[in-house]
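User: Could you take me through this structure slowly, and explain how each description is justified?

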Amino acid sequence: MKILLLGKNGQLGWELQRALAPLGELIAIDRTEGGDLADSEPLRDTVRRVAPDVIVNAAAYTAVDKAQTETELAHQINAVAPGLLAQEARTLGALLIHYSTDYVFDGSGDQPRPESAPTAPLSVYGRTKLDGEQRIRESGCDALILRTSWVYAARGGNFAKTMLRLAAERDQLKVVADQIGAPTGADLLADLTAHLLRAAHQDRSLCGVYHAVASGETSWHRYAQHVIARAQAKGLTLKVSADQVQALASSDYPTPAPRPLNSRLDNTLLQQRFGLVLPPWQTGVDRLLDEIL
Ligand SMILES: NC(=O)C1=CN([C@@H]2O[C@H](COP(=O)(O)OP(=O)(O)OC[C@H]3O[C@@H](n4cnc5c(N)ncnc54)[C@H](OP(=O)(O)O)[C@@H]3O)[C@@H](O)[C@H]2O)C=CC1
Ligand SMILES: Cc1cn([C@H]2C[C@H](O)[C@@H](COP(=O)(O)OP(=O)(O)O[C@H]3O[C@@H](C)C(=O)[C@@H](O)[C@H]3O)O2)c(=O)[nH]c1=O
Ligand SMILES: [Mg+2]
């Protein structure tokens, strides 16, 4: 099996390089190696030249606030390029694996959303990611679209690492407490991808959209507290302790892109259809902290 991995150096791409390596011939590229999602023609050429059995797209425009003004580029990378990959996958009979986000939803209510829940993105990032999903579906290719949330990894930038940095530098830390979701490790997602890829490559009826998040829920505020408490317990000196992190309402933390309040995704379908277990979010976050501290 020949696998083409795009975005090999992102949080998820890096973990996928590890997790997909045993499955076959892995061709992992970044934007400088023929895998620039901003440039359609060379990207198409790359896919045709490699002629993979599976395309795994870990590349994306993920700067949520910047996307509000860099709309064209976000649209090209998150919507047009995945659509192109899907068309090429369709022609090749290849399986496409792609990732989407909790930000395709408006975040109303307080229950975990199943895959079938109506989408209504609040931000440009969310809209472009949804557009990408739709183009993939319309292409008619065999695809797995994994919607995940609040991704972190030892390598790359993420909220947990930002909180550790800010708690060391600043005298106070204010974090929104009314946005609820599940931090999900790139390592877990990569390992899941390997299992799903094997299953769906054999049985294409498993293709579709799945919510792929760690189990349980938290707020960004409690997530920050968890990370800081754990770091202090390990002897790290910080200026702000866990109980000093101030809880804010989203309305008191204005950002260019609005974020959904309810980012809970129901992961039951994936667990049942593939016979897998998605561990609680704390398991992966504690492992991250053991690794980076
Ligand atoms: N991060 C998160 O919290 C969440 C992410 N997701 C989704 O998961 C997937 C993986 O995200 P994650 O690994 O966290 O993201 P990262 O931001 O860590 O990585 C994104 C990768 O995309 C690459 N990239 C950006 N622009 C281009 C381009 N024009 N051509 C080729 N590559 C490009 C980046 O390359 P470079 O390093 O060169 O800039 C980087 O390697 C994405 O689909 C994302 O939308 C879903 C929910 C949450
Ligand atoms: C740095 C900081 C952020 N916040 C808030 C802003 C935001 O609502 C929340 C998280 O901040 P971030 O900038 O990490 O959030 P953001 O970049 O929006 O994270 C999102 O990224 C994209 C790619 C996704 O797909 C989502 O699942 C989600 O992970 O915390 C504070 O309240 N205080 C702070 O000091
Ligand atoms: Mg961010």
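Analyst: What follows is a set of questions and answers about a predicted model.

User: How do you know that the radius of gyration of the protein agrees with that of a compact globule?

Analyst: The rule is 2.2 Å times the number of residues to the power 0.38, and for 293 residues a compact globule would come out near 19 Å; because the protein has 19 Å, the value agrees. Along its principal axes, the C-alpha trace spans about 55 × 40 × 35 Å.

User: How do you know that the span of helix H3 agrees with its number of residues?

Analyst: Helix H3 covers residues 71–92, and at 1.5 Å a residue its 22 residues should span 32 Å; its end C-alpha atoms lie 31 Å apart, so the two agree. The helix nevertheless has a kink of about 30°, centred on isoleucine 77, and is followed by glycine 93, whose phi is positive, near 70°.

User: What makes a residue of H3 count as buried, and which residues are they?

Analyst: A residue is buried if 20 or more other C-beta atoms lie within 10 Å of its own, and in H3 the residues that meet this include Ala74, Ile77, Pro82, Leu85 and Glu88. The buried residues of H3 pack against helices H2 and H4 and strands S3, S4 and S5.

User: What makes a residue part of the shell around ligand 2, and how many are there?

Analyst: Its C-beta atom must lie within 6 Å of the ligand, and 20 residues surround ligand 2, with Thr62, Val64, Thr101, Phe159 and Val176 the closest. By class, this shell has 11 nonpolar, 6 polar and 3 charged residues, and helix H5 and strand S7 each supply at least two of its residues.

Note on methods: Residues numbered from 1 in each chain as written. Chains lettered and ligands numbered in written order. Predicted model: local features only at pLDDT ≥ 70, side-chain atom pairs only at ≥ 80, totals over all residues. Helix = DSSP H or I, 4+ residues; strand = E, 2+ residues; numbered from the N terminus. Nonpolar A, V, L, I, M, F, W, Y, C, P; charged D, E, K, R; others polar. Expected span 1.5 Å × (residues − 1). Bend = angle between axes of the 7 residues up to and from the residue. Buried ≥ 20, exposed ≤ 12 C-beta atoms within 10 Å, placed from the backbone. Contact = placed C-beta atoms within 7 Å.
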